[in-house]
Amino acid sequence: MKLSDAYLEKTDNPMLELKVKVININLPIGHKLLEQCRPLYEYSWFIQQIKTYMAEEKNLDKALAQTIRDCEREGIMVDFVRKHGTEAVNMIFTQFNMDDALEVRYEEGIETGEVLKIIRLVSKKLQKGKSLSQIADEVEESQEMVERISRAIEAAATDDVEEIYKKLVE
């Protein structure tokens, strides 16, 4: 008998239980971990600055540029920003866009599978030469959503629904 077999025989529930502690490191929450770990505090500060500027300007590009200037002025993440500035900006830009896309998806109550189905339908109807308003009516989606899907189809330049979806959430 293997040790794992012995363990399974002696327990009532052979399922593995995993407990994960999630810590909110958003700056306004002010978790004590932020006091104990300077890099984590600086990262939290960086993200909070972006959010603050986006709330004021509603433009991610401007918010990122101003936050990077603030980092240099305040001595926050200076080495990291100098060394990885472009990569960091691209990563954060991608993350914020994905967050926005996911938020929109959940707000509209549409799961990924449903979006893929709608993309397929819109694509087929576009190939048949139907107008965007006619397609919106037939698939029972807003014209704005159908227009966004149409632009994503053009941008993807492929019939691959997954690639079109990626363009849609960019």
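The following exercises, each with a worked solution, concern a predicted model of a protein.

**Exercise 1. Confidence and overall composition**

Task: Determine how many helices and strands the protein has, and state its mean pLDDT.

Solution:

Step 1. Begin with confidence. The mean pLDDT of the protein is 78, and 74% of its residues reach 70 or more. Over residues 1–9 the pLDDT falls below 50, and beyond near neighbours in sequence this stretch has three contacts in the model.

Step 2. Count the secondary structure elements. The protein has nine helices and zero strands, and the pattern read along the sequence is α-α-α-α-α-α-α-α-α.

Step 3. Turn to burial and contact range. Of the 170 residues in the protein, 30% are buried. Taking contacts between residues at least 6 apart in sequence, 42% join residues at least 24 apart.

**Exercise 2. The packing of α8 and α9**

Task: Describe the geometry with which helix α8 and helix α9 cross, and list the residues of α8 and α9 that make the contact.

Solution:

Step 1. Choose the descriptors. Two packed helices are described by the angle between their axes and the distance between the axes.

Step 2. Apply them. Helix α8 covers residues 143–156 and helix α9 covers residues 161–169; their axes come within 8 Å and cross at roughly 120 degrees. The crossing of α8 and α9 is right-handed.

Step 3. List the participants. On the α8 side the contact is made by R148, I149, A152, I153, A155 and A156, and on the α9 side by E163, I164, K167 and L168.

Step 4. Classify these residues. Seven are nonpolar, none is polar and three are charged.

**Exercise 3. L168 and T158 in the α8–α9 region**

Task: Decide whether L168 is buried or exposed, and identify the residues that T158 touches outside its sequence neighbourhood.

Solution:

Step 1. Locate L168. This residue lies in helix α9 and is one of the α9 residues in the contact with α8.

Step 2. Assign its burial. The relative accessible area of L168 is 10%, and since the cut-off for burial is under 20%, L168 is buried.

Step 3. Trace its surroundings. With neighbours within four places in sequence left aside, L168 is in contact with V115, I119, R148, I149 and A152. L168 and A156 are 12 residues apart in sequence, while their C-alpha atoms are 9.0 Å apart in space.

Step 4. Move to the loop between α8 and α9, where T158 is found. At 30% relative accessibility, T158 counts as partly exposed. Not counting residues up to four places away in sequence, T158 touches I153, E163 and I164.

**Exercise 4. Salt bridges**

Task: Establish how many salt bridges the count gives, and characterise the pairs R38 with E42, K166 with E163 and R73 with E74.

Solution:

Step 1. State the criterion. A pair qualifies when a side-chain nitrogen of Lys or Arg is within 4 Å of a carboxyl oxygen of Asp or Glu. The count by this rule is six salt bridges.

Step 2. Examine R38 and E42. Their side chains meet with an N to O distance of 2.9 Å. Both residues lie in helix α3 (residues 38–57), four residues apart, about one turn of the helix. R38 is partly exposed at a relative accessible area of 45%, whereas E42 is buried at 14%.

Step 3. Examine K166 and E163. The N to O distance of this salt bridge is 3.3 Å. Both residues belong to helix α9 and stand three residues apart, about one turn of the helix. K166 is partly exposed at 46% relative accessibility, and E163 is partly exposed at 33%.

Step 4. Examine R73 and E74. Their side chains form a salt bridge at 3.4 Å, N to O. R73 counts as exposed at 56% relative accessibility, while E74 counts as partly exposed at 45%. D70, R73 and E74 are linked in a network of salt bridges.

**Exercise 5. A lysine in α6**

Task: Decide whether K125 is buried or exposed, and name the residues it touches.

Solution:

Step 1. Locate the residue. K125 is found in helix α6, which spans residues 112–127.

Step 2. Compare its accessibility with the cut-off. K125 has 17% relative accessibility, and buried means under 20%; therefore K125 counts as buried.

Step 3. List its contacts. Not counting residues up to four places away in sequence, K125 touches K130, I135, E138 and V139.

Methods:
Residues numbered from 1 in each chain as written. Predicted model: local features only at pLDDT ≥ 70, side-chain atom pairs only at ≥ 80, totals over all residues. Heavy atoms only, no water. Axes fitted to C-alpha atoms, helices over the stretch in contact; angles between N-to-C directions. Helix = DSSP H or I, 4+ residues; strand = E, 2+ residues; numbered from the N terminus. Left-handed = near helix turned anticlockwise from the far one by under 90°. Contact = heavy atoms within 4.5 Å. Nonpolar A, V, L, I, M, F, W, Y, C, P; charged D, E, K, R; others polar. Buried < 20%, exposed > 50% of the residue type's maximum accessible area, 1.4 Å probe, protein only. pLDDT = per-residue confidence, 0-100.
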